[in-house]
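The following questions and answers examine one protein structure for a reader at the bench. Each answer works from the coordinates to the value or name requested.

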Amino acid sequence: MSVTRTGSVGSIQSALNSSSQAITVPSDAEIIVVSAGGYEPVASYFSGGAVTLNSVPLTVGRADDTDTAKVMSAMFYLVNPATGSQTLAWDWVGTTTPDVGVQIYYSFYKGVNKASPIRDSQGIQQTGSTSVSRTVANTQPGDMICAYSHMEQNNPNYPTGIDWTNATEVVENAYNKSNNAYAENSSGSDVTITATGTGGSGSTYYYNLSTLTLMTLPPQAGYLGDLKLGHSVLGSRGLSK
């Protein structure tokens, strides 16, 4: 079985440090992934805060928000989320309003190994380049790589688009002075994912990238394995006669 997305990816833009929004969780969702990006000169501004679904806290899966001189992002997840109409809430560190607001994406998947859902995470905070790359390792067939990128430039204009290499974009939004996008890779192999900003006319680039690899269910022992074991046991018995 492979990890597959169920339902569409939702998008929230918020200028508040703490708020909430009603969302609908598909009936077959086995995990929710929430990605958030923006900037505020407070270390661990996102990952040190809290994200909840119907008051149940999500776990930080990836944090790229420790360097206060660069833009930030974090990814959260929750296995077995309550389905139907639910309240997604967030409360970032402190009480300071985020500098350019926050872009939040939420997505749902099934076919995940619920006992151990995360195989790998990668990320980077970066300045001075129009693209960011991370190599995702240890990927197995059936896994799903979720990728989020937040990009800003100093005045006068933010990037107008984000192009992906080795990932398929699902959603992209411009918000205030930033551009944000969410993408996926289901190739089941190790890969270097790159997000490249396009457009904009600022002289300094602030780009980051976070990835989270959802682990597929382990192969189940089939009849063939049982038969092989059975022949081995029978053979041993035969030799002992």
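**Questions on the fold**

The secondary structure of this predicted model comprises one helix and 18 strands.

Q: What percentage of the 241 residues in the protein is buried?
A: A residue counts as buried when its relative accessible area is under 20%. Of the 241 residues, the buried share is 47%.

Q: Among contacts between residues at least 6 apart in sequence, what percentage joins residues at least 24 apart?
A: Contacts here are heavy atoms within 4.5 Å. Among contacts between residues at least 6 apart in sequence, the share that joins residues at least 24 apart is 81%.

Q: Over which residues does pLDDT stay under 50?
A: The protein has an average pLDDT of 88, and 87% of the residues score at least 70. Where pLDDT is low, the predicted coordinates should not be read in detail. One stretch has zero contacts beyond four places in sequence, and its pLDDT stays under 50: residues 221-241.

Q: Which residues have the most contacts inside the largest nonpolar core?
A: The largest nonpolar core has 25 residues. At least two residues of this core come from each of β3 (18-25), β4 (31-38), β5 (50-53), β8 (72-79), β9 (84-91) and β10 (102-110). The residues with the most contacts inside the core are Ile-32, Val-34 and Trp-92.

Q: Which residues is Val-34 in contact with, leaving aside its neighbours within four places in sequence?
A: Val-34 is one of the residues with the most contacts inside the largest nonpolar core. Leaving aside neighbours within four places in sequence, the contacts of Val-34 are Val-51, Leu-58, Ala-74, Met-75, Phe-76, Leu-88, Ile-104, Tyr-105 and Tyr-106.

Q: Is Leu-78 buried or exposed?
A: Leu-78 is located in strand β8. Not counting residues up to four places away in sequence, Leu-78 touches Glu-30, Ile-31, Ile-32, Leu-53, Val-56, Pro-57 and Leu-58. The relative accessible area of Leu-78 is 13%, which is under 20%, so Leu-78 is classed as buried.

Q: How many Å separate the C-alpha atoms of Leu-78 and Pro-117?
A: Along the chain, Leu-78 and Pro-117 are 39 residues apart. The separation of their C-alpha atoms is 9.3 Å.

Q: How many salt bridges does the protein have?
A: Side chains of opposite charge can pair when their charged atoms come close. One of the pairs is Asp-64 with Arg-62, at 3.0 Å from N to O, and Asp-64 is buried at 6% relative accessibility. Another pair is Lys-70 with Asp-67, whose closest N and O atoms are 3.5 Å apart; Lys-70 is partly exposed at 22%, as is Asp-67 at 29%. The count of salt bridges comes to five.

Q: Which residue meets Asp-143 in a salt bridge?
A: Asp-143 lies in the loop between β12 (131-136) and β13 (144-153), and its partner lies in strand β11 (residues 118-127), 24 residues apart. Asp-143 is buried, with a relative accessible area of 1%, whereas the partner is partly exposed at 26%. The N to O distance is 2.4 Å, and the partner is Arg-119.

Q: Which residue has its backbone nitrogen 2.9 Å from a polar atom of the side chain of Asp-143?
A: Beyond four places in sequence, the contacts of Asp-143 include Asn-185, Ser-186 and Thr-213. The backbone nitrogen that lies 2.9 Å from a polar atom of the Asp-143 side chain belongs to Gln-140.

Q: How many of the eight residues of strand β16 are buried?
A: In a regular strand the side chains alternate between the two faces of the sheet. Ser-178, Asn-180, Tyr-182 and Glu-184 point one way from β16, while Asn-179, Ala-181, Ala-183 and Asn-185 point the other way, and all are buried. Strand β16 (residues 178-185) is therefore largely enclosed by the rest of the structure, the buried number being eight of the eight.

Q: Over how many bridges do β13 and β16 pair?
A: Within this pairing, Glu-152 stands opposite Ser-178 in β16. β13 and β16 pair in the antiparallel sense, and the number of bridges is eight.

Q: Which residue in the turn between β15 and β16 has a positive phi of about 50°?
A: Strand β15 (residues 168-175) runs antiparallel to β16, joined by seven bridges. Glu-172 stands opposite Ala-181 in β16. β15 and β16 form a hairpin with two residues between them, and the turn residue with the positive phi is Asn-176.

Notes
Residues are numbered from 1 along each chain as its sequence is written. This is a predicted model: local features need pLDDT of at least 70, side-chain atom pairs count only at pLDDT 80 or more; totals for chains, interfaces and linings use all residues. Side-chain values use heavy atoms; hydrogens and water are left out. A nonpolar core is a set of buried Ala, Val, Leu, Ile, Met, Phe, Trp, Tyr and Cys residues joined through side-chain atoms within 4.5 Å. Buried means under 20% relative accessible area, exposed over 50%, partly exposed in between (1.4 Å probe, protein chains only). Helices (H or I, at least four residues) and strands (E, at least two) are DSSP runs, numbered from the N terminus. A salt bridge is a side-chain nitrogen of Lys or Arg within 4 Å of a carboxyl oxygen of Asp or Glu. A polar contact is a pair of N or O atoms within 3.5 Å; within protein, one must be able to donate a hydrogen and the other to accept it, and residues adjacent in sequence count only if both atoms are side-chain atoms. pLDDT is the predictor's confidence in each residue, from 0 to 100. Two strands pair if DSSP finds at least two bridges between them.
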